[in-house]
Amino acid sequence: MFYSISRSDSINEIGHYPQADLKKGYNPRKNGHFMVKPYEFPDFIPNLELELHPKAIPTNYLDSTAGLMNGFILDKKFKELISSFMLPKHYFYPIKVFQSNLLLDYYWFHFIVDDFWEFIDTEKSSAEVVYMETPTKIAVEKTIPVLSNDQIINDKKKY
């Protein structure tokens, strides 16, 4: 069984969209998240500092404009929950999330998906070809069966 993690842009749930932005004075190129390649783990602990919008509600999953590749911003409770599941290669980096003068307990869940085919039950799986309907909404163009790694790579090139 697989689960999907997605963001919410419902103001009732998150208070403000986006919830967070880079903290003023934070330099993402000084051991920051801009220095982390999406396909490898760095040989340093990356620094990431975010500031919640004053109207934002701290949630288990934060949406931000930080430009993270291959990762999510999670609170401690969500980190502990997903740690109980089978995950791709990953690392949880503690990060600084500020709301007013409070420092909140969050993590950057950085993951690398390099060989997931062994986890896929092709008989029960399908892939979706999607497009951006609006800047914040993804729409499904078509659904295709997942037969093999090669078939998906060929379909990816096709679409």
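**Exercise 1. Overall architecture**

How many helices and strands does the secondary structure of the protein chain come to? Describe the chain as a whole.

*Solution.* The structure is a predicted model.

Step 1. The protein chain contains 3 helices and 8 strands.

Step 2. Read from the N terminus, the elements follow the order α-β-β-β-β-α-β-β-β-β-α.

Step 3. The C-alpha trace spans about 50 × 40 × 30 Å along its principal axes.

Step 4. The protein chain has 159 residues, of which 32% count as buried. Its exposed surface is about 11000 Å², with carbon and sulfur atoms supplying 53% of that area.

Step 5. Among the contacts with a separation of 6 or more, 57% are made by residues 24 or more positions apart.

**Exercise 2. The sheet**

Determine the strand order of the open sheet of 6 strands, and explain why strands E1 and E3 stand at its edges.

*Solution.*

Step 1. The order is E1-E2-E5-E6-E4-E3, and the pairing is mixed.

Step 2. Strand E1 (20-22) and strand E3 (61-62) each have a single partner strand, so one side of each has no neighbour in the sheet; these two are therefore the edges.

Step 3. Within the sheet, E5 and E6 pair in the antiparallel sense over 11 bridges. As an example of this pairing, Tyr93 has Trp108 in E6 as its bridge partner.

**Exercise 3. The nonpolar cores**

Which residues touch the most other members of the largest nonpolar core, and which strands each supply at least two of its residues?

*Solution.*

Step 1. In soluble globular proteins, nonpolar side chains tend to be buried together.

Step 2. The largest nonpolar core here has 16 residues, and those touching the most other members are Leu48, Leu50, Ile73, Ile95, Val97 and Trp108.

Step 3. At least two residues come from each of strand E2 (49-52), strand E5 (89-99) and strand E6 (102-112). E5 gives the most, with 3 residues.

Step 4. Leu50 may serve as a case. With neighbours within four places in sequence set aside, Leu50 is in contact with Ala20, Asp21, Leu22, Lys23, Ser64, Ala66, Ile73, Ile95, Lys96, Val97 and Phe98.

Step 5. Another core, of 9 residues, lies apart from the largest one; Tyr61, Phe78, Ile82 and Phe109 are among its members.

**Exercise 4. The two sides of helix H3**

Which residues of H3 are buried, and which are exposed on the other side?

*Solution.*

Step 1. The buried residues of H3 are Gln151, Ile152 and Asp155. Seen down the helix axis, they fall within an arc of 95°, so they line one face of H3.

Step 2. An α-helix has 3.6 residues a turn, so residues three or four places apart point the same way.

Step 3. On the other side of H3, Asp150, Lys156 and Lys157 are exposed.

Step 4. The buried residues of H3 pack against strand E7 (126-134) and strand E8 (137-145).

Step 5. Gln151 lies in H3, which covers residues 149-158. Its relative accessibility is 14%, under the 20% limit, so Gln151 counts as buried.

Step 6. A polar atom of the Gln151 side chain lies 3.0 Å from the backbone oxygen of Pro145. Not counting residues up to four places away in sequence, Gln151 touches Ile144, Pro145 and Val146.

**Exercise 5. Phe111**

Is Phe111 buried or exposed, and with which residues is Phe111 in contact?

*Solution.*

Step 1. Phe111 belongs to strand E6.

Step 2. Phe111 counts as buried, because its relative accessibility is 14%.

Step 3. Apart from neighbours within four places in sequence, Phe111 is in contact with Pro38, Asn70, Gly71, Phe72, Pro88, Lys89 and His90.

**Exercise 6. Backbone exceptions in the loops**

Where are Pro18, Asn31 and Ser100 found? Describe the backbone at each.

*Solution.*

Step 1. Most residues other than glycine have a negative phi, and most peptide bonds are trans.

Step 2. Pro18 is in the loop between helix H1 (11-14) and E1. The peptide bond joining Tyr17 and Pro18 is cis, with omega about -5°.

Step 3. Asn31 is in the loop between E1 and E2. Its phi is positive, about 55°, although Asn31 is not a glycine. With a relative accessible area of 46%, Asn31 is partly exposed.

Step 4. Ser100 is in the loop between E5 and E6. The phi of Ser100 is also positive, near 60°. With a relative accessible area of 62%, Ser100 is exposed.

Definitions and conventions: Residues are numbered from 1 along each chain as its sequence is written. This is a predicted model: local features need pLDDT of at least 70, side-chain atom pairs count only at pLDDT 80 or more; totals for chains, interfaces and linings use all residues. Side-chain values use heavy atoms; hydrogens and water are left out. A nonpolar core is a set of buried Ala, Val, Leu, Ile, Met, Phe, Trp, Tyr and Cys residues joined through side-chain atoms within 4.5 Å. Buried means under 20% relative accessible area, exposed over 50%, partly exposed in between (1.4 Å probe, protein chains only). Helices (H or I, at least four residues) and strands (E, at least two) are DSSP runs, numbered from the N terminus. Contact means heavy atoms within 4.5 Å. A polar contact is a pair of N or O atoms within 3.5 Å; within protein, one must be able to donate a hydrogen and the other to accept it, and residues adjacent in sequence count only if both atoms are side-chain atoms. The arc is that of the directions from the helix axis to the C-beta atoms. Accessible areas come from the Shrake-Rupley method with a 1.4 Å probe; for residues, only the protein chains shown count as cover. Two strands pair if DSSP finds at least two bridges between them.
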